[in-house]
Amino acid sequence: MQDFMQIIVIFILLIIIIGIPANIRVVPQAHAVIIERLGAYLTTWKVGLHFKIPFIDRIVKKISLKEQVADFPPQPVITKDNVTMQIDTVLYYQVTDPKLYTYGVDRPMMAIETLTATTLRNILGELELDQTLTSRDTINTKMRAILDEATDPWGIKINRVELKNIIPPREIQDAMEKQMKAERERREAILRAEGEKTAAILVAEGEKESTILRAEAKKMAQIHEAEGEAKAILEVQTAIAEGIKRINESNPSDAVIAIKSLESLEKLADGKSTKIIIPSQIQGLAGLATSFVELTKTNNQ
């Protein structure tokens with residue numbers, strides 16, 4: 001009997017020795033562990049060292065409290081104008097209450113995926129194709145608000161929702177590509193026409209400025225030429241006036257004046273004039289000079 005009791009004690013000690021490491025748990029950072037006792041929720045282990053009672057306490061689920069990403073496959077969605085598109089969604093979520101996440105809903109990720117597809121169909125069913133393609137931010141915001149409210153009882157917070165790809169039917173894509181090509185060609189034609197217009201304007205402005213500059217240059221040349229001629233005439237007249245002034249100051253005799261007049265007549269009749277009118281004063285002086293020359297010749301003979 002004593003031997004039997006020793007065997008039982010040894011067996012219990014072995015169980016304890018073997019069971020202690022199996023019932024000691026270290027919960028790492030950003031994780032939580034759900035513990036049940038005899039099938040009922042007992043507690044949630046947070047970060048640190050924990051011990052559970054063998055055969056009584058049970059670890060139900062180990063949950064990550066980090067932000068996680070769920071990439072759902074494309075879902076068929078019909079828009080308001082009856083266009084069927086394939087849209088895939090990316091969901092960023094985080095577990096905020098491990099207990100609600102464990103007991104709030106069965107298979108939470110499947111529930112979120114189904115809820116996301118339903119919400120997406122409801123939102124896009126009120127929009128036309130063009131609005132769907134240009135209103136991603138609005139759709140993302142509406143979906144995040146609806147999903148966050150719906151998943152709150154499950155201990156899940158939806159941080160962000162993104163429509164990754166919006167794939168319309170092939171014929172719609174072809175029509176959109178043709179429209180985009182036509183729009184690009186239209187813009188190209190407009191830019192080319194504006195460039196040609198600008199070039200023509202610049203050429204016309206250049207010709208206009210060139211014509212103005214040529215006219216200004218010609219005008220300035222004529223002004224300078226007229227000023228030169230006027231200056232020359234003024235200098236000639238000044239010289240004549242100065243000569244007359246000096247002659248008057250020298251008080252010349254009638255004989256000198258007559259001789260100067262004869263010199264002027266000589267220049268005036270230098271083979272170019274056919275008729276010369278001689279003043280009477282100069283005629284008398286000329287006769288006198290002729291008589292004097294003849295008398296001089298007679299005396300010499």
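Helices and strands here are DSSP runs, H or I over at least four residues for helices and E over at least two for strands, numbered from the N terminus.

**View 1. The whole chain, with eight helices and nine strands.** This is a predicted model, where local features need pLDDT of at least 70, side-chain atom pairs count only at pLDDT 80 or more, and totals for chains, interfaces and linings use all residues. Residues are numbered from 1 along each chain as its sequence is written, and side-chain values use heavy atoms, with hydrogens and water left out. Of the 301 residues, 21% are buried; buried means under 20% relative accessible area, exposed means over 50%, and partly exposed is in between (1.4 Å probe, protein chains only). About 22,000 Å² of the chain is exposed, and carbon and sulfur atoms supply 59% of that (Shrake-Rupley method, 1.4 Å probe; for residues, only the protein chains shown count as cover). Take contacts (heavy atoms within 4.5 Å) between residues at least 6 apart in sequence: 63% of them join residues at least 24 apart.

**View 2. A three-stranded open sheet, ordered β3-β2-β5.** The pairing is antiparallel, and two strands count as paired if DSSP finds at least two bridges between them. β3 (40–45) and β5 sit at the edges, each pairing on one side only. On average, neighbouring strands of this sheet are turned by 25° against each other, direction ignored (axes are lines fitted to C-alpha atoms, for helices over the stretch in contact; angles run from 0 to 180 degrees between N-to-C directions). Zoom in on β2 and β5 and you'll find seven antiparallel bridges. Histidine 31, for one, has serine 64 in β5 as its bridge partner.

**View 3. A salt bridge between aspartate 57 and arginine 37.** A salt bridge is a side-chain nitrogen of Lys or Arg within 4 Å of a carboxyl oxygen of Asp or Glu; here the N to O distance is 2.5 Å. Aspartate 57 belongs to strand β5 (residues 57–64) and arginine 37 to strand β2 (residues 31–37), 20 residues apart. Aspartate 57 is buried at 7% relative accessibility, while arginine 37 is partly exposed at 34%.

**View 4. Lysine 164 and aspartate 88, another of the 10 salt bridges in the whole structure.** The N to O distance for this pair is 3.9 Å. Lysine 164 is in strand β9 (residues 156–167) and aspartate 88 in strand β8 (residues 84–95), 76 residues apart. Lysine 164 is partly exposed at 38%, whereas aspartate 88 is buried at 7%.

**View 5. Lysine 157 in a salt bridge with aspartate 148.** The closest N and O atoms are 3.8 Å apart. Lysine 157 counts as partly exposed, with 37% relative accessible area; aspartate 148 counts as buried, at 18%. Elsewhere, Asp71, Asp88 and Lys164 are joined into one network by salt bridges that share partners.

**View 6. The largest nonpolar core, with 29 residues.** Such a core is a set of buried Ala, Val, Leu, Ile, Met, Phe, Trp, Tyr and Cys residues joined through side-chain atoms within 4.5 Å. Ile87, Leu91, Leu120, Ile139 and Met143 have the most contacts inside it. β8, α3 (108–124), α5 (136–151) and β9 each supply at least two of its residues. Beyond its neighbours within four places in sequence, isoleucine 87 has contacts that include Pro73, Val77, Leu120, Leu124, Leu163 and Ile166.

**View 7. Threonine 119 in helix α3.** Threonine 119 is buried, at 5% relative accessibility. Leave out residues up to four places away in sequence, and threonine 119 touches Met143, Ile146 and Leu147.
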